[in-house]
Structure formats: structure tokens, C-alpha cells
Amino acid sequence: MFDLIVIIRVPETDNIAPVADALARMRPLCLDEDGCVSWEAYQSEEPGRFVLVERWASRAAWEAHDAGDAIQKIYVPEIMPRIEREVHPSTPVSDAR
């Protein structure tokens with residue numbers, strides 16, 4: 001498994017709703033991709049913050065996701081220009097021992 005946490009910050013208040021809408025539209029596209037085990041976007045109670053929690057069958061499946069419609073038709077044109085982000089490939093603490 002390959003787990004990924006993405007922390008998104010939306011600096012401009014006017015961009016929060018469009019980013020939330022775009023993330024919601026991305027979810028079914030991501031879930032339909034080969035190797036996507038789970039994909040969730042959470043909106044923090046702190047304004048302008050989102051967290052993506054993704055689980056992929058492998059790192060290769062996640063890397064292939066970059067060419068898919070969710071990234072190319074929504075994330076890159078609609079979300080990336082509005083955000084700052086941190087991408088964290090991650091391991092569950094229970095597996096890190």
C-alpha cells in the first residue's frame with residue numbers, strides 16, 4: 001500500500017468554495033482509477049484548510065494517477081492556481097514500528 005496525506009491551504013477566502021467544489025468532483029474520478037483503494041478530502045474547521053487522505057495499491061498506481069482526468073482536468077487547472085500545499089507520503093504509525 002501507498003498512503004498519501006496532502007495538506008492544502010487556500011490563502012484567498014473567495015477561493016475556498018471553488019476548491020471545495022472541485023475536490024468533491026475529483027473524488028469519484030479518483031475512486032474509479034486503477035489502484036485507488038480510498039480517496040477522501042476533508043475540510044478543516046479552520047477556514048481555508050483541506051486535508052486529502054489517499055490510499056493507493058502501490059506508489060506506481062499513485063504516480064499513474066497524475067495522468068488521469070481528476071488531476072489533469074480538475075486539480076491542475078482549477079485547484080493548483082488557488083492553493084499552497086504540502087504532500088506527505090506516509091506510513092501508519094501502527095506499521096512504522
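The legends below describe close-up views of charged side chains in a predicted model.

**View 1. Arginine 55 and aspartate 3 form a salt bridge between two strands.** The closest N and O atoms of arginine 55 and aspartate 3 are 2.5 Å apart, and the pair links distant parts of the chain, with arginine 55 in strand β3 (residues 49–56) and aspartate 3 in strand β1 (residues 2–9), 52 residues apart. Arginine 55 is partly exposed, at a relative accessible area of 29%, whereas aspartate 3 counts as buried, at 13%.

**View 2. Glutamate 40 forms a salt bridge with arginine 27.** The closest N and O atoms of this pair are 2.5 Å apart; glutamate 40 lies in strand β2 and arginine 27 in helix α1, so the salt bridge ties together parts that are 13 residues apart in sequence. Glutamate 40 is partly exposed, with a relative accessible area of 27%, and arginine 27 is partly exposed as well, with 32%.

**View 3. Glutamate 63 forms a salt bridge with arginine 59, both within helix α2.** These residues are four apart, about one turn of the helix (residues 59–65), and their closest N and O atoms are 3.2 Å apart. Glutamate 63 has a relative accessible area of 46% and arginine 59 one of 43%, so each is partly exposed.

**View 4. Glutamate 33 is buried yet has no salt bridge.** Glutamate 33 sits in the loop between α1 (16–31) and β2 (36–43), and the nearest side chain of opposite charge, lysine 73, is 11 Å away. Leaving aside residues up to four places away in sequence, glutamate 33 touches Trp56, His65 and Ala70.

Note on methods: Residues numbered from 1 in each chain as written. Predicted model: local features only at pLDDT ≥ 70, side-chain atom pairs only at ≥ 80, totals over all residues. Heavy atoms only, no water. Buried < 20%, exposed > 50% of the residue type's maximum accessible area, 1.4 Å probe, protein only. Lys, Arg positive; Asp, Glu negative; His and termini not counted. Salt bridge = Lys/Arg side-chain N within 4 Å of Asp/Glu carboxyl O. Contact = heavy atoms within 4.5 Å.
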